[in-house]
Amino acid sequence: MENNKKLKSWLDAFGLQHPLVIAGPCSAETEAQILKIAHQLKDTDATVLRAGIWKPRTRPGNFEGVGSLGLKWLQKAKEETGMLIATEVANANHVDLALKHDVDILWVGARTTVSPFIVQEIADALQGTDKTVLIKNPVNPDLALWLGAVERLYEAGVKNLGVIHRGFSTYEKTRYRNNPEWQIPIDLQNRYPDLPLILDPSHIAGRRDIIFDLCQTALDLNYDGLMIETHFDPDNAWSDAAQQITPETLRQMTIDLRIRKEEGDAIEFKNKLATLRTKIDVMDHKLLEILGKRMKIADEIGALKKKNNVAILQTKRWNEILGKMILEGEDNKLSEEFILRIFKAIHQESINHQKKVINE
Ligand code: PEP
Ligand code: MN
């Protein structure tokens, strides 16, 4: 897939003065629910109505979607409001039905992107379509798998493509339902700067209170759009209740978000600077997370030394670490002076942690 401006042309054709906003419920539940949400969204920046019709659930027994019946409700919502409509497709049969019902934007879900077999089946079914297709990142943090899915569609002649960042699952419990791992979409953006990139804060957050901050980070990183789960009665939604927001909350959010789309030299400079600073913030956050994890291991070593009555400071081991890090530092264009300073500080913090454990 070559990098070219055409990748963005479907989005440019919308002629929006703000990032693309796709909103709507996690799942289509009833015709009345879809129509009510669509009408409420008319007062917001959302121009595309989303709803899941076939719901892939991690565990069976949860609500698995209303099926193709829901496509008629989406069509009706489009007729009544003029919004475009979007739904998830997970196999060739879904694609056929979505195309028959004139769905404007089809997206490939995170549980589908992980499987090149199914992605290929979907790509074959979409051969040459002029509909827009958005590929969610795979459940696992693997950029190649994500790009591979985009390339399969591109090679099938689907030119109106984009990607959705919805976070990555981890075994460890974090504050997120799915870890954002911002570095992965940033890498993707560097590789394909013209491939529209959309944030799905709802599935990253899993809860509504951190959706705003996620959106702001994405806008600071120059994302092209947002896909936000929206329901008039979030708490009673049939799926993903904790993470949905009301259309009214969405409306206020898009007013409060800082959007950097203006042009002009001074503004362009400010925007670029802000984007780079956000990238630095992402890295700093990662550094702290890794340092915290490193100190937890130091605590374990402290406990082990205490049990075996071994001294904390082991000079030989420490000198080995330093030597190795100075060499690795060189490979990463980091000066010896910097490596010495930073590792002395890390080592001291490690010793403090171990002392605390041993004296407990
Ligand atoms: C969804 O958008 O409702 C959904 C199922 O998302 P994901 O594929 O990101 O889990
Ligand atoms: Mn959902």
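Okay, let's start with one histidine: His347 sits in helix α14. This is a predicted model, so keep that in mind for everything I say. Is His347 buried or exposed? It comes out at 19% relative accessibility, and since the cut-off for buried is under 20%, His347 counts as buried. Leaving aside residues up to four places away in sequence, His347 touches Leu313 and Trp318.

Let me stay on that helix for a moment. Helix α14 covers residues 336-359, and Ile342 is in there too. Ile342 has a relative accessibility of 33%, which makes Ile342 partly exposed. Which residues join Ile342 in a nonpolar patch on the surface? Those are Leu334 and Phe338, and the three together have about 230 Å² of accessible area.

Now for some charge. There's a patch of negative charge on the surface, where Glu328, Glu330, Asp331 and Glu336 gather. Where does the largest share of that patch come from? From helix α13, residues 315-331, which supplies 3 residues. Asp331 is one of the residues found in α13. With a relative accessible area of 65%, Asp331 is exposed, because the cut-off for that is over 50%.

While we're on charge, here's the picture for the whole protein. There are 48 positive and 51 negative charges, and their mean positions are 5 Å apart.

Okay, backbone next. As a reminder, most residues other than glycine have a negative phi. So which residues have a positive one here? Two to look at are Asn309, with phi near 60°, and Glu181, with phi near 45°. Neither of these is a glycine.

Asn309 is in the loop between α12, residues 265-308, and α13. Asn309 is exposed, with a relative accessible area of 73%. Glu181 is in a loop as well, the one between β6 (161-165) and α8 (183-191). At 21% relative accessibility, Glu181 counts as partly exposed. The line for buried is under 20%, so Glu181 falls on the other side of it.

Let's go inside now, to helix α2, residues 31-41. Which residues of α2 are buried? We have Gln33, Ile34, Leu35, Ile37, Ala38 and Leu41. And what covers them? The cover includes two strands, β1 (20-24) and β2 (48-50), along with two helices, α3 (69-81) and α11 (247-256). If you have the structure open, click through those elements one at a time around α2.

Last, let me zoom out. How many helices and strands does the protein have? The secondary structure comes to 14 helices and 8 strands. The C-alpha trace spans about 75 × 50 × 40 Å along its principal axes. Out of 360 residues, 48% are buried.

On the outside, the accessible surface comes to about 18,300 Å², and carbon and sulfur atoms account for 53% of that. For contacts, take the ones between residues at least 6 apart in sequence: 73% of those join residues at least 24 apart.

To go back to where I began, His347 is buried in this predicted model, and its contacts include Leu313 and Trp318. Happy to pull any of this up on the screen.

Notes:
Residues numbered from 1 in each chain as written. Chains lettered and ligands numbered in written order. Predicted model: local features only at pLDDT ≥ 70, side-chain atom pairs only at ≥ 80, totals over all residues. Heavy atoms only, no water. Patch = residues over 30% accessible without salt bridge, like charges linked within 9 Å, V, L, I, M, F, W, Y side chains within 5 Å. Areas by Shrake-Rupley, 256 points an atom, 1.4 Å probe, with all protein chains shown as cover. Salt bridge = Lys/Arg side-chain N within 4 Å of Asp/Glu carboxyl O. Lys, Arg positive; Asp, Glu negative; His and termini not counted. Charge placed at Lys NZ, Arg CZ, Asp CG, Glu CD. Helix = DSSP H or I, 4+ residues; strand = E, 2+ residues; numbered from the N terminus. Buried < 20%, exposed > 50% of the residue type's maximum accessible area, 1.4 Å probe, protein only. Contact = heavy atoms within 4.5 Å.
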